[in-house]
Amino acid sequence: MANFNIWVLASSVTLLYFIGLVIYRLYFHPLSKFPGPKLAAVTSWYEAYHDLKGSGGQFMYRLNKLHKTYVRLSPDEIHISDTTWVDTLLVSSAQGTRDKYVPAANQAGTPQGVFGTSAHNTHRRRRAALSPLFSRSCAAGAEGLIYDKFDLLLRQIDAQIARDGYIEMRTVFLAFATDVVSKYCLGRSFGLLEDETKGKEWHDSIRALAKTIPYARQFNWIIPLSQKIPISFMRVVAPDMARVAAMHHDMEAQASQAVKEHEQEEKNSVGISFHRNPTDKFAIFRALLQHHGLPPPEKRFNRISHEAVTLMAAGGETTSSTLMMAVYFILADKQNILPRLREEVESLMSRGSSRPSVADLERLPWLTAVIKETLRVSTLTARLTRVAPDEALQYNDWVLPAGTAVSMTLREISFDPEIFPSPMAFRPERWLPSNPNLDKCNRYLVAFGRGSRMCLGINLAHAELYIALATLFRHRDFELHDTVRERDVDFSRDFFVGETSASAKGVRVKYAKLSV
Ligand code: HEM
């Protein structure tokens with residue numbers, strides 16, 4: 001009888017607690033006046049449902065269209081769908097303090113890395129230690145490396161087309177971008193372009209990581225837990241997660257080796273020179289270990305390994321999906337886009353080296369327009385959620401109290417018809433001086449993000465995009481092979497970077513005719 005009473009009491013208290021919580025969230029919560037679905041205001045399972053369905057950031061702006069430009073999409077988060085407000089939310093450190101919302105920071109499973117760091121000041125310190133390696137001059141120093149990897153890329157493309165008649169581009173571009181970034185950061189390329197099987201396996205690992213992102217955003221403990229379980233067991237029960245865990249283990253092993261070598265060098269007091277040269281062995285680890293602004297706990301191997309995982313994932317997936325889209329849109333409108341592109345590149349090359357510098361390539365207006373338009377249409381799908389911890393933000397007549405989680409979706413800005421008319425159309429012309437709204441277009445080209453968390457690898461990414469797109473169509477004449485825009489190109493799912501439909505076969509190309 002006593003037992004029964006305890007259970008009744010416990011159930012009643014729990015029930016009352018949840019009823020109280022629902023009433024609080026609907027009527028007394030600081031965000032209770034904001035519009036949005038009632039269910040979203042009551043429970044974060046509403047948002048989780050859409051995230052786990054894979055529609056995430058995409059869904060958020062459909063919700064905005066149903067309601068207003070501002071909507072409460074979970075008990076604690078407001079989403080704003082208004083392009084110009086990006087200047088208020090995603091600001092530089094000098095303009096304001098912005099923490100990354102903890103569930104958003106944790107989604108990649110690297111809370112100790114720059115992407116996964118929530119607190120503004122910790123992020124600033126960590127980013128300052130990495131930034132010198134990603135300066136414009138460092139990226140320019142890697143141009144030879146990018147051209148070398150491009151030659152391997154072309155060889156891989158030739159080999160696969162010779163064998164299968166066509167090639168799927170995202171996988172091979174991922175191999176290219178990852179080989180560049182691994183050589184750039186670790187001094188040792190993963191060698192994916194030289195080994196097709198390894199390239200495919202890496203592609204599967206990155207797809208696995210991408211697929212876990214919506215889950216990791218909702219359940220932050222998933223990736224840390226997966227790293228504690230033996231890989232052999234994980235391979236049986238959750239092969240996708242096993243691949244992600246293996247990548248973490250590999251980076252930890254390399255970081256640990258770098259720490260040992262660094263300690264040895266310190267002990268011998270020889271050979272310690274400040275490492276700012278990407279492509280040096282363990283460049284990224286050495287730069288962090290030698291950085292005076294980082295306290296010792298920040299230099300532990302299992303902290304710096306998170307930076308390496310971040311860079312390998314961030315540097316490969318984004319660049320490869322951008323290149324994949326560029327190839328599709330260039331070939332889909334081949335007659336209009338390609339002759340102009342070739343003519344520009346040819347005229348530059350006939351005047352000088354067969355490996356022109358990125359600075360020279362950037363001066364080509366049509367190539368630049370094609371790259372900017374590709375960046376616009378391939379903008380990532382995630383919503384970016386920030387918290388201004390000690391500042392109330394104003395949106396029209398609404399005040400968002402300090403500490404509120406507020407998100408915006410970059411892709412929505414890239415497809416804003418007020419700035420980019422007919423946003424679904426691929427029109428490089430928007431980026432030419434003949435467009436009277438060019439300044440506005442440039443201002444809201446947000447593919448690399450904005451503010452204090454803007455892409456760290458922008459200079460390296462630019463170098464890869466310019467070199468790959470200037471050179472690819474110069475050497476070969478491609479056409480699309482059974483590629484359908486809705487199925488294979490447009491992003492319909494949100495795994496942070498955009499993801500095509502589950503039935504996608506990829507952007508596939510074959511030779512129109514051999515021109516070499
Ligand atoms: C076309 C290629 C690329 C695109 C479109 C792109 C886009 C972005 C965007 C939108 C963000 C901001 C995310 C946020 O606010 O949470 C970001 C962050 C980041 N990107 Fe990139 N990225 C590209 C290439 C690269 C490359 C090549 C690297 C590295 C080698 C890189 C490293 C990073 C890192 C480390 C961050 C986190 C920065 C921070 O939180 O401070 N990205 N990128």
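# Exercises on the ligand shell and backbone

In this predicted model, 29 residues surround the ligand, and those that come nearest are His123, Arg127, Thr318, Arg386 and Cys455.

## Exercise 1

Task: find which protein atom is a donor to the iron atom of the ligand, and state where its residue is found.

Solution.
1. The iron atom has a single donor from the protein, the SG atom of Cys455, at 2.3 Å.
2. Cys455 is found in the loop between helix 21 (438-443) and helix 22.
3. The UniProt record, an unreviewed entry, places the feature "binding site" at Cys455.
4. Cys455 counts as partly exposed because its relative accessibility is 30%, and the buried class ends under 20% while the exposed class begins over 50%.

## Exercise 2

Task: work out which elements supply at least two residues of the shell around the ligand, and describe the make-up of the shell by class.

Solution.
1. Helix 7 (120-130), helix 16 (301-332), strand 5 (383-387) and helix 22 (458-475) each supply at least two residues.
2. Helix 16 gives the most, with seven residues.
3. By class, the shell holds 16 nonpolar, eight polar and five charged residues.

## Exercise 3

Task: give the distances from ligand oxygen atoms to side-chain N or O atoms of Lys100, Arg127 and Arg386.

Solution.
1. For Arg127, the distance from a ligand oxygen to a side-chain N or O atom is 2.7 Å.
2. For Arg386, the corresponding distance is 2.8 Å.
3. For Lys100, it is 3.2 Å.
4. A polar contact requires N or O atoms within 3.5 Å, so the pairs at Arg127, Arg386 and Lys100 meet the distance cut-off.

## Exercise 4

Task: compare the span of helix 16 with the expected value, and state how many of its residues are buried.

Solution.
1. Helix 16 has 32 residues, and 46 Å is expected at 1.5 Å a residue.
2. From first C-alpha to last, helix 16 reaches 47 Å, close to that expectation.
3. Helix 16 is mostly covered, with 27 of its 32 residues buried.

## Exercise 5

Task: for Asp482 and Phe496, give the sign of phi, the place in the chain and the accessibility class.

Solution.
1. Most residues other than glycine have a negative phi.
2. Asp482 has a positive phi, near 40°, and lies in the loop between strand 9 (477-480) and helix 23 (485-489).
3. Asp482 counts as partly exposed because its relative accessibility is 40%.
4. Phe496, also not a glycine, has a positive phi of about 75°; its place is the loop between strand 10 (493-495) and strand 11 (497-499).
5. Phe496 counts as buried because its relative accessibility is 13%, under the 20% cut-off.

Key:
Residues are numbered from 1 along each chain as its sequence is written. This is a predicted model: local features need pLDDT of at least 70, side-chain atom pairs count only at pLDDT 80 or more; totals for chains, interfaces and linings use all residues. Side-chain values use heavy atoms; hydrogens and water are left out. A residue is near a molecule or strand if one of its heavy atoms lies within 4 Å of it. A polar contact is a pair of N or O atoms within 3.5 Å; within protein, one must be able to donate a hydrogen and the other to accept it, and residues adjacent in sequence count only if both atoms are side-chain atoms. Helices (H or I, at least four residues) and strands (E, at least two) are DSSP runs, numbered from the N terminus. Ala, Val, Leu, Ile, Met, Phe, Trp, Tyr, Cys and Pro count as nonpolar, Asp, Glu, Lys and Arg as charged, and the others, Gly among them, as polar. Donors are N, O and S atoms within 2.8 Å of the metal (3.2 Å for Na, K and Ca); water is not among the atoms, so sites may look incomplete. The expected span of a helix is 1.5 Å times one less than its number of residues. Buried means under 20% relative accessible area, exposed over 50%, partly exposed in between (1.4 Å probe, protein chains only). UniProt positions are given in the numbering used here, feature names are shortened, and annotations may be inferred rather than shown by experiment.
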